[in-house]
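Work through the exercises below with the sequence and the structure at hand. Each task is followed by a solution in steps.

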Amino acid sequence: MNISAARAISGSASQATEHFDVLIVGAGISGIGSAYHLTKQLPDTSFVILESQQTFGGTWWTHKYPGIRSDSDLHTFGYSFKPWVGPPIASAAEILAYMGEVIADNDLGRHIRYGHRIVSASWSSESKLWTIAAVKSDNDEPVTFTANFLWMCQGYYRHSEGYTPEWQGMKDFKGRIVHPQCWPEDIVLDGKQVVVIGSGATAATLIPNIADHCAHVTMLQRSPTFFRLGRNAIEIAEELRRLQVKEEWIHEIVRRKILFEQDAFTRRCLSEPEQVKKELIGQISAVLGPDFDVGTHFTPSYRPWRQRIAFVPDADFFHAVKDGKASVVTDEIERFVENGILLKSGKTLEADVIVTATGFHLSILGDIAFAIDGEPLDFAETVTYRGMMFTGVPNMAWVFGYFRASWTLRTDLVADFVCRMLAHMKQKGAGKVEVALRPEDHNMPLLSWIDPENFNPNYLMRDMHRLPKRGDKVEWQHSQDYWAEKDQFPAIDLDDKAFVYG
Ligand SMILES: Cc1cc2nc3c(=O)[nH]c(=O)nc-3n(C[C@H](O)[C@H](O)[C@H](O)COP(=O)(O)OP(=O)(O)OC[C@H]3O[C@@H](n4cnc5c(N)ncnc54)[C@H](O)[C@@H]3O)c2cc1C
């Protein structure tokens, strides 16, 4: 690969096409982490990060609902290279501040172009380059870049709007309907009856954070979800801090402890699901007391870990329920009515404001129109190499993190792989790499991106048919297993027949 400084290669002053060795899509936790590794491991590589929003942060900038926080610990959601020094569950503002420090400490800001929404990316086999078309959000000006390698860090959902199902009668409702992903600045909840539709981490975060000033808030769920409860603190971190151990060491020790415990927990969910289920529900009963009907409201029908399990720090959501400021209704929506929601049971839930915490629109690779040599690319027709690369798609890697472990653990692993791959290409004098099924893979069954028996959140189930395919061999799937991949990825043989160089 041509490791050169960025240069303008054509066009007028305002529409010059700039060239970079690597183009990173997105300045969320993945894009910033990838840029960090690139600068450390391949400092001579020219690169740019294009970000459609006006600042960095991705998820942590988009979501502004009251109480917005992580649902996994920041020791592992934070990067391996930057110690997390606060309590494990962090607010969006704290995560943004942490990312801001990474950008400032490593002078990454000069590589980021904000307000650049990428609309298309076309690969040319002749020039061995991607041509990326973007639109500037401030003046709609089109801008074009070329890059040898595309590093896709665009996350997995559409940032511009959340997913709200169509219910009958929505237009009849006289109050306000709000999706947490687009939280309005002007909304006043004081003294209002609020219904939050949804049972996941967003509902459980939002409710205790608005319960004090609403007249009442009700969580309306079709079916219950698993939660884990605990203190928002890690004892060993507190103890090591008291002993004045260096933050770098504390970060490493706490990461290892958390990862060890998560691994054990995941294995238990698979080997003794009923026992784990009992323990998780037991934690909730202990807060709500023996008279609360946890059987109806907090006993999911699926086994633990088939969907992400949100951590509820200091059981704040359950305390809001116990104190009577919040309540839970497990029922189905018949239709919206003028003054609230009519339920299938015949009961009406009165509401001034309805919050639809109903999830995301899956966005496959940033809603970018991809083409290979002029032919539109349908990712559903490709097969994934370890959830990072795709058959027939040259010079591209995708960062898709973990569901059962912190997303960022995979950002770090993929970054090491991509940097190793870029160095290998340079050493070989190759301008192109793509993955292809090996002769022994040709009879392999092609399956959906993820096994629904293994993990099945609604936003993935709705759009699974649009995602790349998976094979039945470890190379051709996103295993969702950090504990296996942390050893497998560094050992990937870059001269394996799955990699085709040109
Ligand atoms: C409320 C909430 C809480 C979460 N909590 C956790 C947690 O505690 N732990 C955990 O592991 N995971 C959590 N997740 C999942 C979380 O989204 C990921 O862990 C992580 O933040 C994803 O980071 P990312 O950088 O890959 O993607 P994102 O945060 O989605 O960032 C992608 C960026 O790419 C930009 N982009 C996308 N398309 C384009 C385009 N076409 N052109 C230019 N720019 C583009 C977007 O604007 C965005 O800034 C949470 C998700 C949500 C919604």
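**Exercise 1: a helix pair**

In this predicted model, the axes of helix H6 (residues 235-242) and helix H7 (residues 247-271) come within 10 Å and cross at roughly 160 degrees. Classify the arrangement of H6 and H7, give the handedness of their crossing and list the residues that meet.

Solution.
1. Angles over 145 degrees count as roughly antiparallel, so H6 is roughly antiparallel to H7.
2. The crossing of H6 and H7 is right-handed.
3. From H6, the residues Ile-236, Ala-237, Leu-240 and Arg-241 meet Ile-250, Ile-253, Val-254 and Lys-257 of H7.
4. Sorted by class, this contact of H6 with H7 has six nonpolar and two charged residues, and no polar ones.

**Exercise 2: the domains**

Give the bounds of domain 1 and domain 2, then describe the contact they form.

Solution.
1. Domain 1 covers 3-159 + 362-496, and domain 2 covers 164-358.
2. Taken over C-alpha atoms, the centres of domain 1 and domain 2 are 30 Å apart.
3. Domain 1 brings 26 residues to the contact and domain 2 brings 30 residues.
4. On the side of domain 1 that touches domain 2, 14 residues are nonpolar, seven polar and five charged.

**Exercise 3: the ligand shell**

How many residues surround the ligand, and which are the closest?

Solution.
1. The ligand is surrounded by 32 residues, the closest being Gly-26, Gly-28, Gly-58, Gly-155 and Trp-407.
2. Two elements, helix H1 (29-41) and strand S5 (116-124), give two or more residues to this shell.
3. H1 gives the most, with three residues.
4. By class, the shell has 10 nonpolar, 18 polar and four charged residues.

Terms used
Residues are numbered from 1 along each chain as its sequence is written. This is a predicted model: local features need pLDDT of at least 70, side-chain atom pairs count only at pLDDT 80 or more; totals for chains, interfaces and linings use all residues. A residue is near a molecule or strand if its C-beta atom, placed from the backbone, lies within 6 Å of it. Helices (H or I, at least four residues) and strands (E, at least two) are DSSP runs, numbered from the N terminus. Ala, Val, Leu, Ile, Met, Phe, Trp, Tyr, Cys and Pro count as nonpolar, Asp, Glu, Lys and Arg as charged, and the others, Gly among them, as polar. Domain bounds come from an automatic or database domain assignment. Two residues are in contact if their C-beta atoms, placed from the backbone, lie within 7 Å. Axes are lines fitted to C-alpha atoms, for helices over the stretch in contact, and angles run from 0 to 180 degrees between N-to-C directions. Angles under 35 degrees count as roughly parallel, over 145 as roughly antiparallel, 65 to 115 as roughly perpendicular and the rest as oblique. A crossing is left-handed if the near helix is turned anticlockwise from the far one by less than a right angle, and right-handed if clockwise.
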